[in-house]
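Good morning, everyone, and thank you for making the time. I would like to walk through one structure with you, beginning with a small detail and then turning to the wider arrangement.

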Amino acid sequence: MNAVLDTAIWFAQACFAIATALAAIRVIQGPAAQDRVLAFDTMYINGMLSLLMLGMRSSSSAYFDMALLIALFGFAGSVALAKFLLRGEVIEP
Amino acid sequence: MRRVPPVFLCVLVVMWLLLNNTISLGHIVLGFVLSALLLLAAFRLRPLQPTMRRFPVLVRLFFDVLIDIIRSNIGVARVVLGLVGEREVHAGFIHIPIDMRDPHGFAVLAMIITATPGTIWVELTDDRTELTIHVLDLIDEQEWIDRIKGRYERPLMEVFE
Amino acid sequence: MTTFDYPLWASVPASILLVVGGLVTVIGSIGLLRLPSFFMRMHGPSMGNTLGTGCVLIASMILSSALLGRPVMHEILITVFIVTVSPVTAMILMRAAIYRTRVNEERRRRQEQLAQGEGSRASDG
């Protein structure tokens, strides 16, 4: 039965890699700055999911903490970028 | 000193235990001490407290939202892959009159609307009477207004007000 | 590749959830690339954010529970965190997009007016 699980993990990891690549294309060609921020937002979610897949493949739970940290910092980063687009300042007086 | 609701304490202790992935006695005690200190600090900063009633309504709302998330994922996937047939997909903004006043209810409503693909919260007017959302596949405006008001707003008003 | 021999009750649901999660995420990213306007593109990644992440995290929960022989629930924290904070990003990004679109339109209109004014003055003189 492990063959099925291995295939599923491979498939999901390939999906996340493709999704990250598509988001990267959007970052490069995005017509406006908000498109790029949105694509960055997608990229950090996909990176977090890829990391979880690595954790599943190596049967270790050490990757969970890294995924949690990526979620935390990715959120802070994309909010700061979006806020900068809104006013040109991240922290307003 | 106001009374701190025990629900918050329990939720924070459960989060601490999940984060440490353990249920040993030492961590439970440590979690209680840390959560109590954090709550005392947090209630100084934000004195507004939610009043929550009728938890069964909240549980039913949770499952309703889960079904809606799956259904609207299928809908958005069809739009993205071009499986909607010949008709043209119109995206648009909808203005919804809102009767809810509680800020915690608005927070949960924002989570529901953003978590459901196909709808995104745009903005709420300053006097909290009109909500603007953006819908990907806009066919009938009144249907969306009825759905948001009947399916999400009414249970949230029952719980939080 | 996996070193541990997962039992049947864990590997079958986890495989299904992983395939569904991967497909949903990749369709969301295709939407990010294919949909024509920014406001429509906002809806693509929110598929991956909710259902994709949810499926993968439930699969991870099932597999690590089977691995350690006791219920492991801590992946639920990531789900709760992402569902709680994604409205904040969406709201600020949406407001920034509306603001920037309006500013760009005003600037273009002003430039057009300026060009028209110069054109009429040229025809007068």
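Let me start with a question: which residue in strand 3 of chain B is the bridge partner of B:Glu123? Please keep in mind, as you look, that this is a predicted model. The partner of B:Glu123 is B:Thr132, and this pair sits within a wider pairing, in which strand 2 (residues 119-124) of chain B and strand 3 (residues 130-135) of chain B run antiparallel and are joined by five bridges. These two strands of chain B form a hairpin, with five residues between them, and in the turn you will find B:Arg128, whose phi is positive, at about 55 degrees.

Staying with chain B for a moment, the domain assignment gives domain 1 as 6-45 and domain 2 as 55-160, and the centres of these two domains of chain B, taken over C-alpha atoms, are separated by 33 Å.

Now to the contact between chains A and C. The axes of helix 2 (residues 33-57) of chain A and helix 3 (residues 43-68) of chain C come within 11 Å and cross at roughly 15 degrees; because that angle is under 35 degrees, the two helices count as roughly parallel. Their crossing is left-handed. On the chain A side, the residues making the contact include A:Leu38, A:Asp41, A:Ile45 and A:Met56, while helix 3 of chain C contributes, among them, C:Pro45, C:Asn49, C:Val56 and C:Leu63. Sorted by class, this contact has twelve nonpolar, four polar and one charged residues.

Technical notes
Residues numbered from 1 in each chain as written. Chains lettered and ligands numbered in written order. Predicted model: local features only at pLDDT ≥ 70, side-chain atom pairs only at ≥ 80, totals over all residues. Heavy atoms only, no water. Axes fitted to C-alpha atoms, helices over the stretch in contact; angles between N-to-C directions. Helix = DSSP H or I, 4+ residues; strand = E, 2+ residues; numbered from the N terminus. Parallel < 35°, antiparallel > 145°, perpendicular 65-115°, else oblique. Left-handed = near helix turned anticlockwise from the far one by under 90°. Contact = heavy atoms within 4.5 Å. Nonpolar A, V, L, I, M, F, W, Y, C, P; charged D, E, K, R; others polar. Domains from an automatic or database assignment. Pairing = 2+ DSSP bridges.
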